[in-house]
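The following exercises are to be worked with the sequence and the coordinates at hand. Each task is followed by a solution in steps.

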Amino acid sequence: MLKIDIKPIALLSLAALVSFQCLAFDIIAHRGASGYLPEHTLAATTMAFAQQPDYIEQDLVITSDGELVVLHDIHLETVTNVATMFPDRHREDGRFYALDFTLAELRSLTVHERTDSQGKQVYANRYQGEGQFKVATFTEHLSTIRSLNATTGESVGLYSEIKSPAWHREQGIDISKAVLKVLRAHNLDDAAANIYIQCFDFEEIKRLRQELGARVKLIQLIAENSWNETPTNYDALKTVAGMQELTQYVQGIGPWLGHVTRYEQGQPTTELTDWMMAAQQAGLLIHPYTFRLDALPPGISAEQLLMLMVKKWQFDGVFTDQVPPVKRFLQSQ
Ligand code: CA
């Protein structure tokens, strides 16, 4: 009797293992739980942690006194009340730069839902409350995630982005060195550490590996040249040869979902581009950005998109503003 009992259990375990391996798909909480609370605040990070993603994202910019803070932009006015608090501290272009403020000054601001240049909330149905949220440092985010991992027994990783390194350099700041200093202080500049570093700037990715000796896992983010995100020529990168060159420096790529969900005569197609297939064949991880329930690509449902990313294209993960629906989808498969 014992033998008969053991056999089905062993088979069940094997089936569970195979199914788990097929669905090795990492969920990256984009700007924390940004679908529910103002992006990149410690509240958004702790809420994201409770939703149990594989990674939580931090975008990194630097203050005038050299502190790394977690903010998506080098500008402040679309997510804080800086224009009210410091009305005269904008540059000639009318914009308020995190780099022109000390950490103490940034801490005096409140962070709100992202707004457009007219002050209108970008995602109209997101957070509507009146909570007071604050700017926090990279170290505060990092230590919070580490502490929560320790107290809960989870192993949620970090997924940190070096923002606008060329711009920071023009301003006399080496942001990559500052990021590596924090990583090394926490023993995170290691290929085995539970963290990825991402950057849109290919020259900076090369510099991180070659000149600065970074050992941490790196992800090359892919933009469009028209966005003027960095000096990188993305048309040259989005080729079979470009993907092959990337394998010398990075573990994976972060393409835009618009690169992935292509359209023919207004209809989404389910075929990947040659360069995306080349990336997969070269063994690069594919972590596209950004799955948003409230801003899906046209003509495709959330479930269809998840089905394509997980099952058909077999991507390795996705950045998402809403972790729970992606988790539910994975658990249902
Ligand atoms: Ca980012």
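**Exercise 1. Placing an arginine**

In which loop is the place of R95? Determine also its exposure and its contacts in this predicted model.

*Solution.*
Step 1. R95 belongs to the loop that runs between α3 (82–85) and α4 (103–107).
Step 2. The relative accessibility of R95 is 29%. Buried requires under 20% and exposed over 50%, so R95 is classed as partly exposed.
Step 3. Setting aside neighbours within four places in sequence, the contacts of R95 are H75, E77, T78 and H90.
Step 4. A C-alpha separation can be added: R95 and A83 are 12 residues apart along the chain, and their C-alpha atoms are separated by 8.9 Å.

**Exercise 2. The calcium site**

Identify the protein donors of the calcium ion and state how the donor residues are spaced in sequence.

*Solution.*
Step 1. The donor atoms come from E57 (OE), D59 (OD), D59 (OD) and E161 (OE), with D59 listed twice. Their distances from the ion are 2.2 to 3.1 Å.
Step 2. The spacing of the donor residues reads E-x1-D-x101-E.
Step 3. D59 lies in strand β2 (residues 55–62) and E161 in strand β4 (residues 157–162), so placed that the pair, 102 residues apart, links distant parts of the chain.
Step 4. With a relative accessibility of 0%, D59 is buried. E161, at 4%, is also counted as buried.

**Exercise 3. A helix pair**

Describe the packing of helix α7 (residues 175–185) and helix α8 (residues 202–210).

*Solution.*
Step 1. Two quantities are needed, since a packed pair of helices is described by the angle and the distance between the axes.
Step 2. The axes of α7 and α8 come within 11 Å and cross at roughly 45°. This angle makes α7 oblique to α8.
Step 3. The crossing of α7 past α8 is right-handed.
Step 4. On α7 the contact is made by S176, K177 and L180, and on α8 by E204, R207 and L208.
Step 5. Sorted by character, the contact residues comprise 2 nonpolar, 1 polar and 3 charged.

**Exercise 4. Buried residues of a helix**

Which residues of helix α14 (residues 323–332) are buried, and what covers them?

*Solution.*
Step 1. The buried residues of α14 are V323, P325, V326, F329 and L330.
Step 2. Their cover includes β1 (26–29), α13 (302–312) and β11 (317–320).

Notes:
Residues are numbered from 1 along each chain as its sequence is written. This is a predicted model: local features need pLDDT of at least 70, side-chain atom pairs count only at pLDDT 80 or more; totals for chains, interfaces and linings use all residues. Side-chain values use heavy atoms; hydrogens and water are left out. Donors are N, O and S atoms within 2.8 Å of the metal (3.2 Å for Na, K and Ca); water is not among the atoms, so sites may look incomplete. Helices (H or I, at least four residues) and strands (E, at least two) are DSSP runs, numbered from the N terminus. Buried means under 20% relative accessible area, exposed over 50%, partly exposed in between (1.4 Å probe, protein chains only). Axes are lines fitted to C-alpha atoms, for helices over the stretch in contact, and angles run from 0 to 180 degrees between N-to-C directions. Angles under 35 degrees count as roughly parallel, over 145 as roughly antiparallel, 65 to 115 as roughly perpendicular and the rest as oblique. A crossing is left-handed if the near helix is turned anticlockwise from the far one by less than a right angle, and right-handed if clockwise. Contact means heavy atoms within 4.5 Å. Ala, Val, Leu, Ile, Met, Phe, Trp, Tyr, Cys and Pro count as nonpolar, Asp, Glu, Lys and Arg as charged, and the others, Gly among them, as polar.
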